[in-house]
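Colleague: I am new to reading protein models, and I would love some help. Could we go through a few features together, one by one?

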Amino acid sequence: MKQLALLLLALSAGFGTAAERSSSAKVSDGKPNILLIFADDLGWSDLACYGSKRFHTPHLDRLAKRGMRFTQAYAAAPICSASRAALLTGNSTARNGFEFVVKKESGYQKVPAPLLAPPFTIDLKLAQNTIPEALGAVGYRTGFFGKWHLNAHHKRYLGWSPTHGPRAQGFATATEDFGSHPYSYWGKGKKARAFVDLPEGEFPADGVTERAIRFLEEGGEEPFFLMVSHFFVHDPNHTRVRWLHDRQLRKLPEGTPRRKELAHYGAMVTTLDHHVGQLLAGLGRAGKADSTLVVFTSDNGGHPNYAGNAPLRGSKWNLYEGGVRVPFMARWPGVVKEGAVCDAPVWSPDLFPTFAEVAGAKAASAHDGVSIVPLLRDPKAGVPERAMVWHFPYYHPETRYGERIDEIGVDDGETSKTKPHSAIRVGDWKLLHFYEDGSNELYNLGGDLVEALDLAARNPTKTKALSKRLLKYLKEVEARLPTKNPAFGN
């Protein structure tokens, strides 16, 4: 029976593949459709196509084979809301003045520390021009499903605001839904979290994915921009699918660190992959696969308790590579060569000018991204050398901060202390600047992906140049900086 179930699962995946390829639609008047699939907290090394040996991700691996996989792609922030704001506006977190996650209301962190972080930004400003607004202005049908997290929580955790939700920021079609993510059942008690005995290969229905597929099916001839913003793989780290959990647990040898947590996390990763496969199959059934640019990426690096992020140092919440380097893939039939790999550094603010160029729209207010269309056509084309700047003037965690370890390591399962800092990358050089003591760390990512060898003392000239460039940029964009905490030590 198990072999039969696996055979049926393989056949269903095959039918999905055929559906993806069945489209006969062509790009009309130079305006392709655009489908952006956005994961939550998915680490750079969580997918098999990015080297994972632990997790099963056949649909995303297939997407990589049929398109382009970027090896040095970055989120604009190591944390959710700030990253999403940067992607939609094409601006860095420093320029946006949006560097943390939204809260119910503005205020200051209550972390006993030498510096006082800026007050929380709780809404993406309506004056900010966004991707859907720019594309909607040139005739694109726009849709959003999934996690927004760009307004103060309205009525419930992550609730959309009627004044600052997706529909107020350019998405004509948008519906709230937690889908099958643990958010949909976690607060209902232990009974709701119990395993369900679905047949092997079956997953619970996911409202986010189903609504997105209906959006694809209901459209006419006009081009569309659809953003599917999954809640997976953000915690609660849990699956109710028994067969999936047990399969993942069997893959992890006895003695594997955090084995119990990884069994649930691996199931979360595979569930995300399954929903991406459903979405791509739906795109094919709608006859729109050949005329659609598909981009997949994540909002920040993985949670240290689950993803690990090895071989990268750090995690979500800090600016080492594990916090901001993310998977990034693009498929565009007839433009992107299948199986292509691009090693050029790119980041999420590049998506606004890229989509604008593809759609024939304007991205005048997107200042920090550049169009990567030349890279999509030729991964060796390169882009002009530019600086990518990350700005995180906050502390983390916000509770029990003093109990956390100071060292930010590699796959240690620890949520370490993160202090206010910024970072800049130019070429292979990356500098981190820490505000408590004004210190700098310098790494050459070309030979030190793990950020193990701090070259600041050995290369004072490069350290000074990058530090000066970073601080100049922050001043130019009027970045919000941490200030001395008058209450600390009193």
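Modeller: Gladly! Let us start with a charge over a ring: Arg313 lies over the face of Tyr320, at 4.0 Å from the ring centre. Please keep in mind that this is a predicted model.

Colleague: Which ring does Arg141 lie over?

Modeller: Arg141 sits over the face of Phe215, with 3.9 Å to the ring centre.

Colleague: How do I describe two aromatic rings that pair with each other?

Modeller: In general, you give the distance of the centres and the angle of the planes. Here, Tyr395 and Tyr401 pair edge-to-face, at 5.5 Å centre to centre and with 85° between the planes. A search of the whole structure finds 26 aromatic pairs. Ring pairs also link Phe144, Trp148, Trp160, Phe171, Phe225 and Phe355 into a cluster.

Colleague: Is Tyr395 buried or exposed?

Modeller: Buried means under 20% relative accessible area. Tyr395 has 1%, so it counts as buried. Tyr401 is buried as well, because its relative accessible area is 9%.

Colleague: What about Val102: where does it lie?

Modeller: Val102 is in the loop between α4 (93-96) and β4 (115-116). Its relative accessibility is 2%, so Val102 is buried too. Leaving aside residues up to four places away in sequence, Val102 touches Ser81, Thr121, Ile122, His149, Leu150, Asn151 and His153.

Colleague: Now the sheet, please. In what order do its strands come?

Modeller: Reading across this open sheet of 8 strands, you meet β6-β5-β7-β1-β8-β9-β2-β10, and the pairing is mixed. At the edges are β6 (173-175) and β10 (340-342), each of which pairs on one side only. From one strand to the next, the twist averages 15°.

Colleague: How many bridges join β8 to β9?

Modeller: There are 4 bridges between β8 (residues 292-298) and β9 (residues 328-331), and these strands run antiparallel. For example, Phe296 has Met329 in β9 as its bridge partner.

Colleague: Which helices should I look at beside the sheet?

Modeller: Try helix α6 (residues 207-218), which packs on the sheet and touches β5 (141-146), β6 and β7 (224-229). The direction of α6 makes about 170° with that of β5. Then find helix α8 (residues 259-285), which lies across β1 (33-39), β7, β8 and β9 and runs at about 170° to β1.

Colleague: Which residues does Thr271 touch?

Modeller: Thr271, a residue of helix α8, touches Phe203, Phe232 and Leu244, not counting residues up to four places away in sequence. With a relative accessible area of 7%, Thr271 is buried.

Conventions
Residues numbered from 1 in each chain as written. Predicted model: local features only at pLDDT ≥ 70, side-chain atom pairs only at ≥ 80, totals over all residues. Heavy atoms only, no water. Pairing = 2+ DSSP bridges. Helix = DSSP H or I, 4+ residues; strand = E, 2+ residues; numbered from the N terminus. Axes fitted to C-alpha atoms, helices over the stretch in contact; angles between N-to-C directions. Contact = heavy atoms within 4.5 Å. Buried < 20%, exposed > 50% of the residue type's maximum accessible area, 1.4 Å probe, protein only. Phe/Tyr/Trp six-rings, centres within 6.5 Å; stacked < 30°, edge-to-face > 60°. Lys NZ or Arg CZ within 6 Å of the ring centre and 35° of its normal.
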